[in-house]
Each structure stands twice: as structure tokens, then as C-alpha cells.
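Could you walk me through this model in my viewer, one selection at a time? I would like to know what to click on next and what I will find there.

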Amino acid sequence: MSDDHDHHHHDQHSHLPPDPALRVQALETLLVRKGLVDPASLNAIIDTYANEVGPQNGARVVATAWADPAYRDWLLRDATAAIGDLGYEGRQGEHIVALENTPQVHNMVVCTLCSCYPWPVLGLPPAWYKSEAYRSRAVREPRAVLAEFGVALPEETEIRVWDSTSEMRYLVVPRRPPGTEGWSVERLAELVTRDAMIGTGLARTPEETA
Ligand code: FE
């Protein structure tokens, strides 16, 4: 991004109210008044992503990958297609990449610029994901951030931090907990938390759900 662009960007913003919620309100009012947006459909979109689409979708994707090696291979090769095959697609899910955690590598996702996030599989991002603190610290000191989320990994495990963009969004496939051999997809899905799919958590163990 050039300085010119930054400057221009800043100028535009300085004419709007400082609080993001106010800005959104102002934009929505303007769009509705100009007839560019139908308030009912706007509400429908928000309702869908707040209530119907959520981490339960991603959990089913991960559980299916754990249970079915062929699906896992497909997911790692072409996540957008494999996820779409389970019926999850749409806004902010056009290009999803699945990242598989292993004993050697732990993947963690951030959007350093704003809050890009794979909506079709995880729903809307949590507040901390959008926070300045997470966005800056995830890259600088991922191990410390993980510790604050209660995740302690062996020193030899490499932590890879992935920066989401509007073109590329990531879904972490956490490691499958031991003691889950032969479990159904439904049962496995209960172990897969939202944070595990962002990489700021691990999958729950059978003991934790008992
Ligand atoms: Fe973003």
C-alpha cells in the first residue's frame, strides 16, 4: 500500500464519525436512503451469519476429515471444493485453505489488516480476533499469545502464523485427540472448537467432554 493511498484513506475516514458502529450506521442509513440496499435483506444476512452459520459447520468439516482419509486429502488439496461439498459456501468463503496441525507444526490464523475470516465454516469472528492486540501480537509473539489462550506446545513444535486476506482465508485442522478411534463424525465434531480451527486452541479430549 503506497503512502498516497494511506493518506487518501485517512482523509476519507476523517469525515466520518470516529466510532466504527457510528460509521456503519451512517453508511447503512445512506445506502438505504439511496435505495441501494433493502434493510430487510441486510437484516436477513446478519441474522444468517449470527445464528445459522457458525463453528458447527467447520467442526463437521474437521470431523469428516478425521474420519475419512480421502476427504482429508481433498480438504488439504482444495478446501473450497471439499467444504462446498458439505454444503458450506458463500460470502468470505470463496478461497479457503485448510492447514493441518501435526506434532511438528502448529498453525495459527490472524488477519493483521482487519478481520478476514472464513465465514461459511466459522461464522462471524469473535471480538478478540478483530482486536488490535491479537492482530499485532499473533505475528510477533505467537507462543505468548497461545499461552494466554491456555495452549502450551512443546518447544520443538514450530508455530506458523498465517495472515488472512480478502483473497485467502484459512481453516486450521487441529490434531485428532487420542482415544477417539472409531468415533462417528457427529461425536468427533463435538471435540472441535472454534478456537481450535483458528489455531488459538486445541481440540477437546474425550475426558474434557465426558
Ligand atoms: Fe481482514
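Here is a tour that starts with the whole chain, moves to the metal site and then visits some single residues.

**Stop 1: the whole protein**

Start with everything in cartoon view, and keep in mind that this is a predicted model. Colouring by secondary structure should bring up 13 helices and 4 strands. Along its principal axes, the C-alpha trace spans about 55 × 40 × 30 Å. Of the 210 residues, 36% are buried.

If you like contact maps, take the contacts between residues at least 6 apart in sequence: 66% of them join residues at least 24 apart.

Now switch on the surface. Its accessible area comes to about 12,000 Å², and carbon and sulfur atoms account for 54% of that. Colouring by charge picks out 19 positive and 30 negative side chains, with the centres of the two sets 2 Å apart.

**Stop 2: the iron ion**

Next, select the iron ion and show the residues around it. Which protein atoms act as its donors? They are the SG atoms of Cys111 and Cys114, together with both N and SG of Cys116, at 2.1 to 2.5 Å from the iron ion. Along the chain, these donors follow the spacing C-x2-C-x1-C.

Try the angle tool here. The 4 donor atoms subtend angles of 80 to 134 degrees around the iron ion, so the arrangement is irregular. To see why, recall that a tetrahedral label needs all angles to lie between 85 and 135 degrees; the lower end of the range here is 80 degrees. For reference, the ideal angle for four tetrahedral donors is 109.5 degrees.

While you are here, look at the cover over two of the cysteines. Cys111 has a relative accessibility of 1% and counts as buried. Cys116 is buried too, with a relative accessible area of 9%.

**Stop 3: Gly123**

Move on to Gly123, in the loop between helix H7 (119-122) and helix H8 (127-130). Is Gly123 buried or exposed? Its relative accessibility is 1%, so Gly123 counts as buried. Show its surroundings and, leaving aside neighbours within four places in sequence, you will find contacts with Tyr49, Val53, Gly54, Tyr117 and Pro118. For a distance check, draw a line from Gly123 to Glu148: the two are 25 residues apart along the chain, and their C-alpha atoms are separated by 23 Å.

**Stop 4: Glu100**

Now pick Glu100, which sits in strand E1 (residues 96-100). At 27% relative accessibility, Glu100 counts as partly exposed. Not counting residues up to four places away in sequence, Glu100 touches Arg72, Leu76, Val105, Asn107 and Val173. From Glu100 to Glu167 you cover 67 residues in sequence and 20 Å in space, C-alpha to C-alpha.

**Stop 5: Asp195**

Select Asp195 in helix H12 (residues 194-198). With 19% relative accessibility, Asp195 counts as buried, because the cut-off for that label is under 20%. Beyond the neighbours within four places in sequence, the contacts of Asp195 are Trp128, Phe149, Thr200 and Gly201.

**Stop 6: Glu207**

Finish at Glu207, in helix H13 (residues 206-209). Glu207 counts as exposed, with 61% relative accessibility. As a last step, connect the C-alpha atoms of Glu207 and Gly179: the separation is 9.3 Å, for residues 28 apart along the chain.

Definitions and conventions:
Residues are numbered from 1 along each chain as its sequence is written. This is a predicted model: local features need pLDDT of at least 70, side-chain atom pairs count only at pLDDT 80 or more; totals for chains, interfaces and linings use all residues. Side-chain values use heavy atoms; hydrogens and water are left out. Donors are N, O and S atoms within 2.8 Å of the metal (3.2 Å for Na, K and Ca); water is not among the atoms, so sites may look incomplete. Four donors count as tetrahedral if all angles lie between 85 and 135 degrees; four count as square planar and six as octahedral if opposite donors are over 155 degrees apart and all others between 65 and 115; anything else is irregular. Buried means under 20% relative accessible area, exposed over 50%, partly exposed in between (1.4 Å probe, protein chains only). Helices (H or I, at least four residues) and strands (E, at least two) are DSSP runs, numbered from the N terminus. Contact means heavy atoms within 4.5 Å. Accessible areas come from the Shrake-Rupley method with a 1.4 Å probe; for residues, only the protein chains shown count as cover. Lys and Arg count as positive and Asp and Glu as negative; His and the chain ends are not counted. The place of a charge is taken as NZ of Lys, CZ of Arg, CG of Asp or CD of Glu.
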